[in-house]
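Colleague: I should like to learn how to read the features of a model such as this one. May we take them one at a time?

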Amino acid sequence: MPSNKSVSDAPIVQFTNCRILRDHQLQREDLWVREGKILNPEKLFFDEKGSADVQLDCKDSIIAPGFIDVQINGGFGVDFSLATDDFKSGIDLVSQKILSHGVTSFCPTLVTSPPSVYHQVLPQISVRNGGTHGAGILGAHLEGPFISKEKKGAHPEHCLRTFEAGAFQDLLATYGSLDCVQIVTLAPEMRRSSEVIRELTKRGICVSLGHSVANLSQAEEAVQHGATFITHLFNAMLPFHHRDPGIVGLLTSDKIPAGRRVFYGMISDGIHTNPAALRIAHRAHPKGLVLVTDAIAGMGLAPGRHTLGQQVVEIDGLNTYIAGTKTLSGSVATMDTCVRHFQEATGCSVETALEAASLHPAQLLGIEHKKGTLNYDSDADFLMLNDSLYVQATYIAGEEVWRQDVSGM
């Protein structure tokens, strides 16, 4: 009779006494992992006649897919929009530190910068798997510089650009390369934005609408050309108006192409979005909500002055402002904090809160066949959490990469 060794010599780990988030529900069953993938136990038992080499008691923890942060500008003193000699060690530091927040993959985000910064920084960002060294990198998110002057937020006005005659060529010249780019945020009301959206989409790059004064029909047209995301809903866009709801109107638009879903990022830190606005968005379009931190270099550091690209920002508690102003500039919230705040503010289920930080960003990026779920054959990137949604341990490819130190508690 064949044993499990007939298929692979790799050890099989069985996580027992847990509740697994699968098919939108917490299910009381075991999780089986081999070679970094989630196994189907039926196939293991009946086809391979196999069994576990190691059993781990999860002590009634919740097991959920690892969080995916598609908008993070830096943290722990590292600013992804600054071209430094040790940029690679900076990105390594952030990817290591966010494991404790439950983030297993992320998109390092650059705010509006001069072309020289993109040309220096982007070649230093490479798509890579996560592991003990840190969270995986899915590709860069370029937020700007093709955005609206009126809604620039914390982006430096002197670096903003428009599309000239060559539109897509302008964009290529500005960024230097699109090799490792996963998301581009632009303002859809800009002239020639439609051809740029089409070209980016053709290359498999996600186009997000943000920092914009677009009306609803301009936003709908952008979606018809391929845009699928909204950058930090409500922030840096026209406020909702009943006669023209602007980009916010995409949440209930009847002009979205069949089979297409529009996703929208929300900074659920209790500062950027009032809980009532969070509830309105969630109730209007629950399946599109993607939690993002929009974290800046000051995340994880003491209050005071830090940078965001070309600007100096001031951290005061959970508020971050462009120094000397009351303009909000990114957040210092961690992803696990955003998940807990979202659940508390909306009263949604634990499952819904966890999926907004895992399944939905994976669907947005078209990687839900391997990330964002605990389906069989998915990557074994997952978290152990307690009932209050505090992360107890983080696993990447089935390997423990971070665990809460309880010795001092």
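**Reading a helix and its surroundings**

Modeller: Helix 4 turns its buried residues towards helix 3 (115-121), strand 11, strand 12 (181-186) and helix 5 (193-202), against which they pack. Please keep in mind throughout that this is a predicted model.

Colleague: Which residues of helix 4 are the buried ones?

Modeller: They are Phe168, Leu171, Thr174 and Tyr175.

Colleague: Why do these residues lie on the same side of helix 4?

Modeller: The general idea comes before the case. An α-helix has 3.6 residues a turn, so residues three or four places apart point the same way. In this helix, the buried residues Phe168, Leu171, Thr174 and Tyr175 cover an arc of only 120° around the axis, which puts them on the same side of helix 4. After helix 4 comes Gly176, with a positive phi near 90°.

Colleague: How should I read the sign of phi, and the geometry of a peptide bond?

Modeller: Most residues other than glycine have a negative phi, and most peptide bonds are trans. Two residues here that are not glycine have positive values: phi of Phe76 is near 55°, and that of His232 is about 25°. The peptide bond between Gly144 and Pro145 is cis, with omega about 5°.

Colleague: Where do Phe76, His232 and Pro145 lie?

Modeller: Phe76 belongs to the loop between strand 7 (74-75) and strand 8 (78-79). His232 is in the loop between strand 14 (229-230) and strand 15 (263-266), and Pro145 is in the loop between strand 11 (140-143) and helix 4 (168-175).

Colleague: Are Phe76 and His232 buried or exposed?

Modeller: A residue is called buried when its relative accessible area is under 20%. Phe76 has 17% and is therefore buried; His232 has 5%, so His232 is buried as well.

Colleague: How should I read an annotated position, and which residue carries the feature "active site"?

Modeller: One begins with the record and then turns to the surroundings in the model. UniProt, in an unreviewed entry, places "active site" at Asp294. That residue is in the loop between strand 16 (289-291) and strand 17 (304-308). With a relative accessible area of 6%, Asp294 is buried.

Colleague: Which residues does Asp294 touch, leaving out those up to four places away in sequence?

Modeller: They are Gln71, Asn73, Glu143, His232, Ile267, Gly330 and Ser331. His232 in this list is the residue with a positive phi of about 25°. The side chain of Asp294 also makes a polar contact with the side chain of Asn73, at 2.8 Å.

Colleague: What may be said of Thr293 in that loop?

Modeller: Thr293 likewise lies in the loop between strand 16 and strand 17, and its relative accessible area of 2% makes Thr293 buried. The side chain of Thr293 reaches the backbone oxygen of Gln71 at 3.5 Å. Beyond four places in sequence, Thr293 touches several residues, including Asp69, Gln71, Ile72, Ile267 and Ser331.

Colleague: Finally, how would you read a residue within a strand?

Modeller: One may ask for its place, its burial and its contacts in turn. Gln14 is in strand 1 (residues 12-22) and, at 8% relative accessibility, counts as buried. Apart from neighbours within four places in sequence, Gln14 is in contact with Asp30, Leu31, Trp32, Ala52, Val54, Gln55 and Leu56. Between the C-alpha atoms of Gln14 and Gln120, which are 106 residues apart along the chain, the separation is 45 Å.

Key
Residues are numbered from 1 along each chain as its sequence is written. This is a predicted model: local features need pLDDT of at least 70, side-chain atom pairs count only at pLDDT 80 or more; totals for chains, interfaces and linings use all residues. Side-chain values use heavy atoms; hydrogens and water are left out. UniProt positions are given in the numbering used here, feature names are shortened, and annotations may be inferred rather than shown by experiment. Helices (H or I, at least four residues) and strands (E, at least two) are DSSP runs, numbered from the N terminus. Buried means under 20% relative accessible area, exposed over 50%, partly exposed in between (1.4 Å probe, protein chains only). Contact means heavy atoms within 4.5 Å. A polar contact is a pair of N or O atoms within 3.5 Å; within protein, one must be able to donate a hydrogen and the other to accept it, and residues adjacent in sequence count only if both atoms are side-chain atoms. The arc is that of the directions from the helix axis to the C-beta atoms.
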